[in-house]
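Q: I'm new to this one, so please take me slowly through a single part. I'd like a close look at any enclosed space inside and what sits around it.

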Amino acid sequence: MGRPFKRALVAGIFIAAAALRLTLLGAIPLPVQQDELSNIYDGYSIAETGMDRSALGLPIVVRGFGEVDYRPAMYAWLAAIPASVIGFSVAGGRLPAAVLGCVALLLLFSFATELSGSEFGIIALAIGAFSPWLISFSRVAHEGAMLPPFLMLLTFYLWRRADAKRFTVTPTMLLGFVVGFSANAYQSTRLTSFLMAVCISAFILRHSTRKWRDVMLFGTAAFVGAVPQLFLLVADPAHFAARSHDTLQKGASVLGWAGAVLRNFGLNVGPTYLFVPNMTETYLTSARLLPVEIILFYPGLLAIRALRGETAERFRPWLYAAVFIAIVPAALRIRTRTR
């Protein structure tokens, strides 16, 4: 493919993807779910009063439904931006998710292109652009919509940039801040941000020529990004850990707990969990892939192994580590029965 054709193809895919994410936000999907209304109204309340609907000023977490349902307030703050302009609106409340969905595609394309060339970048962009799972998450006012752009894609994009610049001060600290700041996106990112920070620190120690200095720069910036959640952990541990009391896996012994976690981990990558919506057991994660996506998921994991080039060789083990890290929070959750 020639360069002009590639540019036209990328532009066409992105325009189509943006249309699938940004149009008719107030009407599709219907009905509006309760988690969406919670975030949208909190955003509207913040825009109007500086407080969430529970009258908490400048909230770090917002209350969902009861004392066991507190979650990071980042989506509510993002929803406050359109609410400050157009008032309370379902479409406005969903707009941050749609915009972040488009940003995620740009980051995916950029990272995949740098990882293994323009053709691979276009394939990755097309898969992401037309993924029913990513489209649906980009059209709901749910904090889970922030996971693709804030966690893996933005982290890996900045990680690649920092590595290319040999971990000079600015890209290293930007990477650290984003990894730490991702702790504010969702309940599970409080854990995944820490695990990603450990993973990147190991990478820096292995590949940087100024190992400990760069780790200190990265770690300091990550700490700054995570300050809101760290403050909450110290000042209000009950609300910080509100959901964990009812959702974290328990066991009569360490071995029993470890066995349950390992079993849940396997189930979270198994075809029954991923592709069968009406299952007997659910593992308290946010979504299922569609059956048509089975042709991409497992081959995609194998395709990482087939990538060639210096950058791909360098990042291959860390891509697999990221897949593992993304699943850890789900594996730690209680397995429940549904009818």
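**Around the largest cavity**

A: In this predicted model, the largest cavity is lined by Ile 40, Tyr 44, Ala 79, Pro 82, Ala 83, Ile 86, Gly 87, Phe 88, Ser 89, Gly 92 and Gly 93. A search of the whole structure turns up 1 cavity of 30 Å³ or more, and the largest cavity holds about 40 Å³ of space.

So who builds the wall? Helix H2 (34-49), helix H3 (74-86) and helix H4 each put in at least two lining residues, and H3 is the top contributor with 4. As for chemistry, the lining splits into 7 nonpolar and 4 polar residues, with no charged ones.

Let's follow H4 a little further. That helix covers residues 90-116 and includes Arg 94. Arg 94 counts as buried because its relative accessible area is 0%, and the cut-off is under 20%. Leaving out residues up to four places away in sequence, Arg 94 touches a whole crowd, among them Pro 31, Glu 36, Tyr 75 and Arg 139. Of these, Glu 36 falls within H2 and Tyr 75 within H3.

H2 also leads somewhere else. The second largest pocket has about 1200 Å³ of space, and H2 is one of the elements giving two or more residues to its lining. There, helix H10 (211-235) gives the most, with 8 residues. The pocket's 45 lining residues include Tyr 186 and Arg 333, which are among those nearest its centre. This lining does have charged residues: 7 of them, alongside 23 nonpolar and 15 polar.

Conventions: Residues are numbered from 1 along each chain as its sequence is written. This is a predicted model: local features need pLDDT of at least 70, side-chain atom pairs count only at pLDDT 80 or more; totals for chains, interfaces and linings use all residues. Side-chain values use heavy atoms; hydrogens and water are left out. Buried means under 20% relative accessible area, exposed over 50%, partly exposed in between (1.4 Å probe, protein chains only). Contact means heavy atoms within 4.5 Å. On a 1 Å grid over the protein atoms alone, a cavity is a set of points where a 1.4 Å probe fits but cannot get out, and a pocket is an open set with protein on both sides within 12 Å along at least five of seven lines; lining residues have an atom within 4 Å of a point. Grid points are joined across faces, edges and corners, and a volume is the space filled by probe spheres set on the points. Ala, Val, Leu, Ile, Met, Phe, Trp, Tyr, Cys and Pro count as nonpolar, Asp, Glu, Lys and Arg as charged, and the others, Gly among them, as polar.
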